[in-house]
Amino acid sequence: MPAHVLILGGTTEARHLATALASRPGLRVTTSLAGRVRRPGAIDGEVRVGGFGGAAGLADWLRAHRVTALVDATHPFAERITANAAEAAGVAGVPHAILRRPGWDLDDDWHPVVSLEEAAQAVPRLGQRVFLSTGRLGLAVFSGLTDTHFVVRSVEPPEPPLPPHCEMVLARGPFSLADELDLLRTHRIDVLVTKDSGGAATAPKLAAARSLSLPVVVVRRPELPSGAGALPDKEAVLDWLAGVIPPGDACAADTCP
């Protein structure tokens, strides 16, 4: 049986990791997607879509499919999935790593909060026209702000309830600094609300807000499971895999022939 790496995906980093591993001899690579996006981009290797049924279901899947190593490369705010992955890996006895791009450095006019609820409380004192860049889930938290106009950008339309004054922009990134400046100016945005997702792809909106001297409400990342650490990039994960996959079972390192 070939060594089998399961990647919990949905991020750019997960896709790049799958590409790096899929063509290597003696290695089976499966990327699992939650299925929230109807048309995900192409991913190398095998792809499965849907949940596992919690930590117990994932542990069963790891055993049934003879998974050699589990890489959690989900979004930094996928707190439940990350907790389930850590628990399932421990139950199944499968080596487990978390791939998380580093968060952003705090800027002078940033207002860090610990939740979307706290972000909603902060908005009224900062502005009236909000670029709400927190994803299409959790928008109901802002539905009580009846005097605030929201601009929400999403790949697919979000489901209600939504804020009463909400303008949708359906678009898929990445977006350039010029794109973000144009959006902020066109919609007369006076405050940005976002999550600390990290990474270069979503950084231009922060640079645009800084250029226009706009306040930014930033939702901090949830804590990792107790005792868990994170690897910052694909290269670190490849190094880790080279150490956990027995020699001869697969070629998981960049130095493989």
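In this predicted model, strand β7, which spans residues 129–133, and strand β8, which spans residues 149–154, pair in the parallel sense over four bridges. Within this pairing, Arg129 has His149 of β8 as its bridge partner. Both strands belong to an open sheet of six strands, in which the pairing is parallel and the order is β6-β11-β10-β7-β8-β9. The edges of the sheet are formed by β6 (110–113) and β9 (166–170), each of which pairs on one side only. When direction is ignored, neighbouring strands of the sheet are turned by 20° against each other on average.

A helix is also found in contact with this sheet. Helix α6, made up of residues 204–211, lies across β6, β7, β10 (191–195) and β11 (216–219), and it runs at about 155° to β10.

A further arrangement involves two helices, α2 (residues 54–64) and α3 (residues 79–92), whose axes come within 8 Å and cross at roughly 45°. Because angles under 35 degrees count as roughly parallel and those from 65 to 115 as roughly perpendicular, α2 and α3 are therefore described as oblique to each other. The crossing of these two helices, α2 and α3, is right-handed. On the side of α2, the contact is made by Gly54, Ala55, Leu58, Ala59, Leu62 and Arg63, while α3 contributes Asn84, Ala85, Glu87, Ala88, Ala89, Val91 and Ala92. Grouped by character, the residues of the contact between α2 and α3 comprise nine nonpolar, two polar and two charged residues.

Terms used
Residues are numbered from 1 along each chain as its sequence is written. This is a predicted model: local features need pLDDT of at least 70, side-chain atom pairs count only at pLDDT 80 or more; totals for chains, interfaces and linings use all residues. Side-chain values use heavy atoms; hydrogens and water are left out. Two strands pair if DSSP finds at least two bridges between them. Axes are lines fitted to C-alpha atoms, for helices over the stretch in contact, and angles run from 0 to 180 degrees between N-to-C directions. Contact means heavy atoms within 4.5 Å. Angles under 35 degrees count as roughly parallel, over 145 as roughly antiparallel, 65 to 115 as roughly perpendicular and the rest as oblique. A crossing is left-handed if the near helix is turned anticlockwise from the far one by less than a right angle, and right-handed if clockwise. Ala, Val, Leu, Ile, Met, Phe, Trp, Tyr, Cys and Pro count as nonpolar, Asp, Glu, Lys and Arg as charged, and the others, Gly among them, as polar.
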